[in-house]
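Welcome, and please open your viewer so we can walk through this structure together. At each stop you will get something to select and a short account of what is there.

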Amino acid sequence: MESLYIIGVIILGFGVLAKLLLDLGQQIDEGLIELDEKLALAIKSVVEKIPSLGGSEPINPIQMAFAQLIGNMAQQKQVIIPPKIIERDEKGLFSKEE
């Protein structure tokens, strides 16, 4: 009869432990959700306070056209220099051009 009481207490202990672990898991989940909300509010307030990060002005179409024009001009003026082969002498040193 005593062994039944001991087994009952052990089973009851495991049940209480399982309930405590479930409650702890719920509290952790709720804490993470609350932390996420607070972090989102903090990031939002920082972005609103710094003008360069927040809502910026739309790009001026004239400025965009000038930027494209300058980029196209730079590509047209690109000069490709062909590689120059410099001979070496028997010692492995570069030889002078004559």
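Where is the place of Lys84? Select Lys84 and you will find it in the segment after H2. Keep in mind as you look around that this is a predicted model. Lys84 counts as exposed, because its relative accessibility is 62%, and the cut-off for exposed is over 50%. Now add Phe14 to the selection: Lys84 and Phe14 are 70 residues apart in sequence, and their C-alpha atoms are 82 Å apart in space.

Next, step back to helix H2, residues 61–76. Its 16 residues, at 1.5 Å a residue, should span 22 Å, and the end C-alpha atoms are 23 Å apart, which agrees. How many buried residues does H2 have? The count is zero among its 16 residues, so H2 is hardly covered. Select Asn60 and Ile62 to see how the N-terminal end of H2 is capped: a side-chain oxygen of Asn60 lies 3.0 Å from the backbone nitrogen of Ile62.

Now move to helix H1, which covers residues 2–49. Two salt bridges are present in the structure, and you can visit each in turn.

For one of them, select Lys19 and Asp23, whose side chains meet with N and O 3.1 Å apart. Why can they pair up along the helix? Lys19 and Asp23 are four residues apart in H1, which means that about one helical turn separates them. In general, an α-helix has 3.6 residues a turn, so residues three or four places apart point the same way. Both partners are partly exposed: Lys19 has a relative accessibility of 49%, and Asp23 has 27%.

For the other, select Glu34 and Lys38, where the closest N and O atoms are 3.2 Å apart. Here too, the two residues are four apart in H1, about one helical turn. Lys38 is exposed at 52% relative accessible area, whereas Glu34 is partly exposed at 40%.

For the last stop, select Ile6, Ile10, Phe14, Leu17, Leu21, Leu24, Ile28, Leu32 and Leu35 together and show the surface. These residues make a nonpolar surface patch of about 910 Å². Phe14, which you met at the start, is one of them. Zoom in on Ile28, found in helix H1: Ile28 is partly exposed, with a relative accessible area of 46%.

Key. Residues are numbered from 1 along each chain as its sequence is written. This is a predicted model: local features need pLDDT of at least 70, side-chain atom pairs count only at pLDDT 80 or more; totals for chains, interfaces and linings use all residues. Side-chain values use heavy atoms; hydrogens and water are left out. A salt bridge is a side-chain nitrogen of Lys or Arg within 4 Å of a carboxyl oxygen of Asp or Glu. Buried means under 20% relative accessible area, exposed over 50%, partly exposed in between (1.4 Å probe, protein chains only). Patches are made of residues with over 30% relative accessible area and no salt bridge: like charges are joined within 9 Å, nonpolar side chains (Val, Leu, Ile, Met, Phe, Trp, Tyr) within 5 Å. Accessible areas come from the Shrake-Rupley method with a 1.4 Å probe; for residues, only the protein chains shown count as cover. The expected span of a helix is 1.5 Å times one less than its number of residues. A polar contact is a pair of N or O atoms within 3.5 Å; within protein, one must be able to donate a hydrogen and the other to accept it, and residues adjacent in sequence count only if both atoms are side-chain atoms.
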